[in-house]
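Here is a brief report on backbone and side-chain features in one protein chain. Have the sequence and the structure open as you read.

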Amino acid sequence: MSDQALEVVKKAALRLLHFRPRSESELRQRLARKRLPAEAIDRVVVWLKKERMLDDEKFAKLYALSRIQSRVFGKGQIRRELSHRGVSPALVAKAMQSIEDFDEFEVARNLAARQAVRMKGLSPDAKKRRLHGMLFRRGFPAGVIFKVLNELLVSHDKEWNEDE
């Protein structure tokens, strides 16, 4: 393997990491997709880890925090996304511990309340079905979803029944 190949891989890796943090698995996949030499990829990944520019634990924690703050997802969805990005189950568990104080119920309730306002004219059953589906797709657990829907149904009972 030539120094030139190593330099090409290093530049490509740094460019990818410049846009956003990535897991080791993601970075390896992206570099392999460019048909770069596997040996050079391995050496660059070792170098990046040594220089602390590639750290799956830090990536998982940052990713989990950003998903909570920017996209309003439940912990289940965040777990699935981290696993999909090649983060080990142990590091996924650590990342989930770092967001332990995240109140899924409060977040789900606020999200559902905002969405419910947009559903004027729908029957209460249709609203519940749509809200349930939206919360489920965002990774909220069933217990939280049903608690949120029951609370919304009680607090918005008159409004929801007037829409029919």
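## Two loop arginines with positive phi

This is a predicted model. Start with R35, in the loop that joins helix 2 (24-33) to helix 3 (38-50). Its phi is near 60°, a positive value in a residue other than glycine. Along the chain, R35 comes just after helix 2. Is R35 buried or exposed? The cut-off for exposed is over 50% relative accessible area. R35 has 78% relative accessibility, so it counts as exposed.

Now go to R52. This residue sits in the loop between helix 3 and helix 4 (56-71). R52 is not a glycine, yet its phi is positive, at about 60°. R52 is exposed, because its relative accessible area is 69% and the cut-off is over 50%. As background, most residues other than glycine have a negative phi.

## The buried face of helix 2

Which residues of helix 2 are buried? They are E24, E26, L27 and L31. Seen down the axis of helix 2, these buried residues fall within an arc of 160°, so they line one face of the helix.

What does that face meet? The buried residues of helix 2 pack against helix 1 (3-19). They also pack against helix 3 and helix 4.

## An aromatic pair in helix 4

The structure holds one aromatic pair. Its members are F59 and Y63. The ring centres are 5.7 Å apart, and the planes meet at 35°. That geometry is classed as tilted, because the tilted class takes in planes that are neither under 30 degrees nor over 60 degrees apart.

Where do the two residues lie? Both F59 and Y63 are in helix 4, four residues apart, or about one turn of the helix. An α-helix has 3.6 residues a turn, so residues three or four places apart point the same way. F59 is buried, and Y63 is buried too.

## Lysines over aromatic rings

Two lysines are placed over aromatic rings. The charged end of K10 sits over the ring of W47, at 4.2 Å from the ring centre. By their numbers, K10 falls in helix 1 (3-19) and W47 in helix 3 (38-50).

K147 lies over the face of F105. Here the distance to the ring centre is 4.6 Å.

Conventions. Residues are numbered from 1 along each chain as its sequence is written. This is a predicted model: local features need pLDDT of at least 70, side-chain atom pairs count only at pLDDT 80 or more; totals for chains, interfaces and linings use all residues. Side-chain values use heavy atoms; hydrogens and water are left out. Buried means under 20% relative accessible area, exposed over 50%, partly exposed in between (1.4 Å probe, protein chains only). The arc is that of the directions from the helix axis to the C-beta atoms. Contact means heavy atoms within 4.5 Å. Rings of Phe, Tyr and Trp (its six-membered ring) pair if their centres lie within 6.5 Å; planes under 30 degrees apart count as stacked, over 60 as edge-to-face and the rest as tilted. A charge sits over a ring if NZ of Lys or CZ of Arg is within 6 Å of the ring centre and within 35 degrees of the ring normal.
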